[in-house]
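Please find below my note on the structure under review. The points are numbered so that each may be taken up separately.

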Amino acid sequence: MKNNLTLLLVFTFTIVSFAQRKTEPTPKEIQLAETLKETYPDDHVASESEHYHISFEYNKKTEKIEVLETITKKLISLDSRADIQVYSFYNSESEIESFEIKYKTDRDADFYIKDEAMKSDDLFHNDARVKYTNIDFPLKGYRYQIETVKRYKDIKYFTSLYFNDDYPAVKKTFTVAIPNWLDLELKEMNFNGFPIQKSIKTNEDFDGNIHTFTIENVPAMFDDSSAPGPSYIYPHILILAKSFTIDAVKTNIFESTQDLYNWYKTLVNSLENDNTELQAKVVELTQDAATDEEKIKNIYYWVQDNIRYIAFVDGIAGFKPDEASQVFKKRYGDCKGMANLTKQMLIEAGFDARLTWIGTNRIAYDYSTPSLSVDNHMICTIYTNGEPTYLDGTEKFNAYKEYANRIQGKQVLIENGDEFILNIVPKTAANFNKETINYNLSLENEQLNGTVSKTYNGESRSGLLQYLSQLQTDKKDTFLMWYLDGGDSNIKVTDIITSNLTDREIPINIHYNITINNAVSSFDDTMYIDLDLEKELSGYNFEKRKTDYVFDYKKHLESTTTLKIPDGYKIGSLPKDIAISNDNYNLKASFTQTDTTIIYKKDFEITESVIKKDGFNEWNDFIKNLNSVYNEQITLTKQ
């Protein structure tokens, strides 16, 4: 018995060892990994090849078009060891039919596939799930093959195919088999400048056309913060399902913007909108208002102040607004629920209010593209004297008729009975968000002392109010102190006076006294002074950046620092003035002098909120010069 067991163990060990040797990388695979590492030095894993096969089926029971997406990826490790997570998302409108990981020998790898609900701090309720596992590459050149099959139960939720992914790909292919009974457009987005090969073929065994798109040496998606939305910068294919014809009967999906609106409207029309519970609150908010505008503001601001925004994604509820009465009762809702509550309260007050769909500036498309990918947000539009005003309850401290940068200039789809209205949200100039800072300083015993006043308008104001609102009452003063002294122990701030920090309709004004240590040093008869405490934009160097930089909003900073020259001293040296101006920004820093003062001014105006890649060299040169100004000290010498 003992001998038999020993033989079994030896036999098993021999098989495992043989199998492991077959999965170990060959010299050729190691060489490939090293070559790819030179091309993609920041990546640990690459795809030798990726193939997506997309096909379509008609489900007679649901009378919907289903999409079958089969993906095969051959991954190779570029480092001596790599650990990654592979995953596939699904929800109530889709399912994962197969998820397999294999060695290069085509033998199943024994990784346990987990299936969990998606959790996110940004989402209150989410029906998304994920199948995933963590896999390890023990050696450079080690390979796995990932195979997944995903079914979309309704074609309208299958909206796009992106060429860039988590890992770089040596070769990536999309094959889309479109049957003749399906009218579907493959809209090419951002293809210019990319070596994408295309072909259309027919097949004897397939009644339709097979579209193939192939790209080689495609990098992974960039890991840049404050980047434009993916639809602006990556080549991708929009899947525009227009209609299908079964048994000579044509059924529209999204053939036009009207079709998209009709579908949205069916969701809205299914709401009960019983406003009984909120009527008393509407009366309370409007009964003492002197004007219609005051009534509107009272309702809008009440929603902003009392309804907590929480994202909610759950199947059809990801597109259908919640009942206004439910949002009112629960005191929370997503953008759709908040928009519906705002609309219903305004209707109860006698106004013409309508639900409105919009894509924020994360999305590159407008409503000329009928697809669920065109929008990601809902607001309310109110018409007064025939003119629209847009109300976004999720923007907590935007005043009436103020619009966040993320929706400015974006197209809106407004309810209008069986039809719809297309309009554009107005844009504002950078000056609308102006920040003004004034320092008045003097020198006492190698210490800078003086007063400071700061004023915030527009989104610079609403952003600060938003942050303060999230703090506990006993922490607001502590935060404000930290905000003003920058967390620098050499700076002492006292006697703070502010405007009303709960009023979203007025600028924020802050006045305080300041004492600054270690900003002045003396040697012999010369004083060296660091006059800039803020050093705005100093870290905005884009030398290593791969995508456009997107500011939260257009900015305009006007800063003036006035330093009184002490008796018995004269100016030894001042930094040189610098300036740059183009279509995207106007930036300058200057120094002037009188007999008794030095006046240091910065005027930074970001007229467009995006700094383009092709302008990075010009921008970086200015930031380099600006940092030289920041690092150069002012000198005063004894007379």
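The points below treat confidence, the sheet, the cores and one helix in turn.

1. Confidence. The model is predicted, and its confidence should be read before the details. The protein chain has a mean pLDDT of 93, with 94% of its residues reaching 70 or more. Residues 7–19 stand apart, since pLDDT stays under 50 over this stretch. For these residues the model has one contact beyond four places in sequence.

2. The seven-stranded sheet. An open sheet of seven strands runs in the order β4-β8-β2-β1-β10-β13-β12, with mixed pairing. At its edges lie β4 (94–103) and β12 (197–203), each of which pairs on one side only. From one strand to the next, the twist averages 15°.

3. The pairing of β1 with β10. Within this sheet order, β1 is followed by β10. Strand β1 covers residues 45–59 and strand β10 residues 169–179; the two pair in the parallel sense over six bridges. One of the bridge partnerships joins I54 to V176 in β10.

4. The helix on the sheet. Helix α2 (residues 27–39) packs on the sheet and touches β1, β2 (64–77), β8 (143–152) and β10. The direction of α2 makes about 100° with that of β2.

5. The largest nonpolar core. This core has 55 residues. Those with the most contacts inside it are L448, I529, L587 and W619. Helix α11 (residues 616–631) supplies the largest share, namely seven residues.

6. W619 and its surroundings. Which residues is W619 in contact with, leaving aside its neighbours within four places in sequence? They are L537, Y540, F542, F551, Y585, L587, I606 and I611. L587, in this list, is also among the residues with the most contacts inside the core.

7. The second core. A separate core of 51 residues is also present, including F56, I155, F191 and F254.

8. Helix α8. This helix (residues 335–348) has 14 residues and reaches 20 Å from its first C-alpha to its last, close to the 20 Å expected at 1.5 Å a residue. Is α8 enclosed or exposed, and why? Because 12 of its 14 residues are buried, α8 is largely enclosed by the rest of the structure. The buried residues include charged and polar side chains by name, among them K336, N340, T342, K343 and Q344. Also buried in α8 are C335, G337, M338, A339, L341, M345 and L346. Just after α8, G350 takes a positive phi of about 95°.

Terms used: Residues numbered from 1 in each chain as written. Predicted model: local features only at pLDDT ≥ 70, side-chain atom pairs only at ≥ 80, totals over all residues. Heavy atoms only, no water. pLDDT = per-residue confidence, 0-100. Contact = heavy atoms within 4.5 Å. Core = buried A, V, L, I, M, F, W, Y, C linked by side-chain atoms within 4.5 Å. Buried < 20%, exposed > 50% of the residue type's maximum accessible area, 1.4 Å probe, protein only. Helix = DSSP H or I, 4+ residues; strand = E, 2+ residues; numbered from the N terminus. Pairing = 2+ DSSP bridges. Axes fitted to C-alpha atoms, helices over the stretch in contact; angles between N-to-C directions. Expected span 1.5 Å × (residues − 1).
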